[in-house]
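Student: Could you take me on a close look at one part of this model, the aromatic pairs inside its helices? I would like to see how the rings sit and how much of each is covered.

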Amino acid sequence: MPKLHYKEETLNGRAHICAYADREYLYLRIPKGNRKYSNISLQTTNIKLAHEKALDVYTETVNNPIKKRGKKYLFSTACEKFLQYKQEQSDIGEIKPVTAATYEQRVYQRILPYAKEINVKLVSDITKETFDRYAVHYRQVTTKGKWKTAAQGLSASTINSDITTLNEILEWMVRNDILEFKVLKKVEKLRDKKDHREDSNPAYMPDEWEQLKKTLIEWEMQEDDPVRKWKRRWYKNFVFFMYHGGFRLHEAKLLTLGDIDVVRKDGKVRWGVVEVPPNTKTGKRTTIMNGNWLNSVKYHLNAGIKLRNEEIREHNLKVEEGTLEKWRACKTKIEPIAFPPKKDCRLFSNPFGYLDKAPAAADKRYQWKTDHDIDFTWHAKVNLTPPTDETVRQKLDSIFSHLEFYQKRNYTLHSLRSTHITHALILKDMNIRQIADNVGNSQAEIERTYYFLNNLLNMEKLGFFKDELVKKEELVVTDD
């Protein structure tokens, strides 16, 4: 049981307002008899407000007695109910949908697997020490993610985010009488060391970025087939778009044609205006980027749809004529992609993506509508979903793997955002507040993450000793 370090009588002695060690809020302590008590969080640190809330909490507790806990309540079930609670918060606008999705990712990808690792199946298996080694465990993992990519432990910031969620789950379980109050203990976070942050998503320095650009352009130019060349250019456009806009991956994938526009000056495209949607990490914002690269992505999508529709036209013609090759996976007609694409079409759509084929129970028989028009009950449709992050990462790794500098550090797709911010600081000498507003970050976070650039930014001031040394060499020393 947490140590009681403060107690004050309330409700004419029927209960006490208490403060426990390592507990953020004040609690209402209600006697149950036989030296047993119910401790209900008052969700405040203000003693006056605690007294005001005490009557309502006491009445609710007395009129609705706490149900006896089941000894075989699954921890996974408790986590699922917690996620349902978070989804309800998202549905009424208390939290963003992307936040609810983040909770789900942390629970299913790391918290539940860890519980399984340490043999915590039931809520009754949880003790005060159960999650003490959570941080140590994930700092030592050698693989991460769905694809089990190599890793040297998860970052401190990722682990600390998990621990925040884990503490929230445990407190929620206590509030809902799923977990005993006496076993509740706050899981300690790691110290988020600065030297670790530098290695998380390293930026490409200017000379490295030039090598990267040259390699990417040469790789695209090596292909002559129109479709394969279009696919290569998609990757090139993706890299340059992410660099020029400093977007997070999920932000770029959510952008639609209706979210973008360009501004012209003297008849020429100068700036791109991107409205990042609200269902992203930091919510809605307007980002300004290079207008030419924004147009490149847009018009490349149009070119891809035209190429794909030409393939679909040829395929459908063969289906009608009965000359379709037997090895073709899709035996029915394919519905052409709408052109020009609608405003809700994703900016990074993939016209050459997989097909949504007929379900197993669908009627695939065809009938003649007229003497010259054959029609199928089911038409396959092109799924325009962009390539997955892992697909893009593996492709870029294969393109850049021969570069010497690329082999020395663990570059990620997020490195393109880091590169945007780094180059804005050291090449453009932009104001940190301007950068923060444009990329959807706080000024303090940029200063904390990119602190190691300080010496480069202040090179002129720090290099003044050079001039002093030159002057000293000009002095003439005589025997006098």
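Tutor: Happy to! A helix here is a DSSP run of H or I with at least four residues, and helices are numbered from the N terminus. Bear in mind that this is a predicted model.

With that in hand, let's start at helix α4, which covers residues 134-139. Tyr134 and Tyr138 both lie in this helix, 4 residues apart, or about one turn. Their rings form a tilted aromatic pair, with 5.0 Å from centre to centre and 55° between the planes. Tyr134 counts as buried because its relative accessibility is 0%, and buried means under 20%. Tyr138 is also buried, at 7% relative accessibility.

Now move to helix α2, residues 75-91. Phe82 and Tyr85 are 3 residues apart in α2, so about one helical turn separates them. This aromatic pair is tilted as well, at 6.4 Å centre to centre with 50° between the planes. Here the cover differs between the two partners: Phe82 is buried, with a relative accessible area of 1%, whereas Tyr85 is partly exposed at 28%.

To put these two pairs in context, the count for the model comes to 29 aromatic pairs. Some rings join into a bigger group: ring pairs link Trp219, Trp234, Tyr235, Phe238, Phe241, Phe247 and Phe348 into a cluster.

One more thing to look for while you have the rings in view is a charge over a face. Arg29 lies over the face of Tyr37, 3.9 Å from the ring centre, and Arg270 lies over the face of Trp271, at 4.9 Å.

Notes
Residues numbered from 1 in each chain as written. Predicted model: local features only at pLDDT ≥ 70, side-chain atom pairs only at ≥ 80, totals over all residues. Heavy atoms only, no water. Phe/Tyr/Trp six-rings, centres within 6.5 Å; stacked < 30°, edge-to-face > 60°. Helix = DSSP H or I, 4+ residues; strand = E, 2+ residues; numbered from the N terminus. Buried < 20%, exposed > 50% of the residue type's maximum accessible area, 1.4 Å probe, protein only. Lys NZ or Arg CZ within 6 Å of the ring centre and 35° of its normal.
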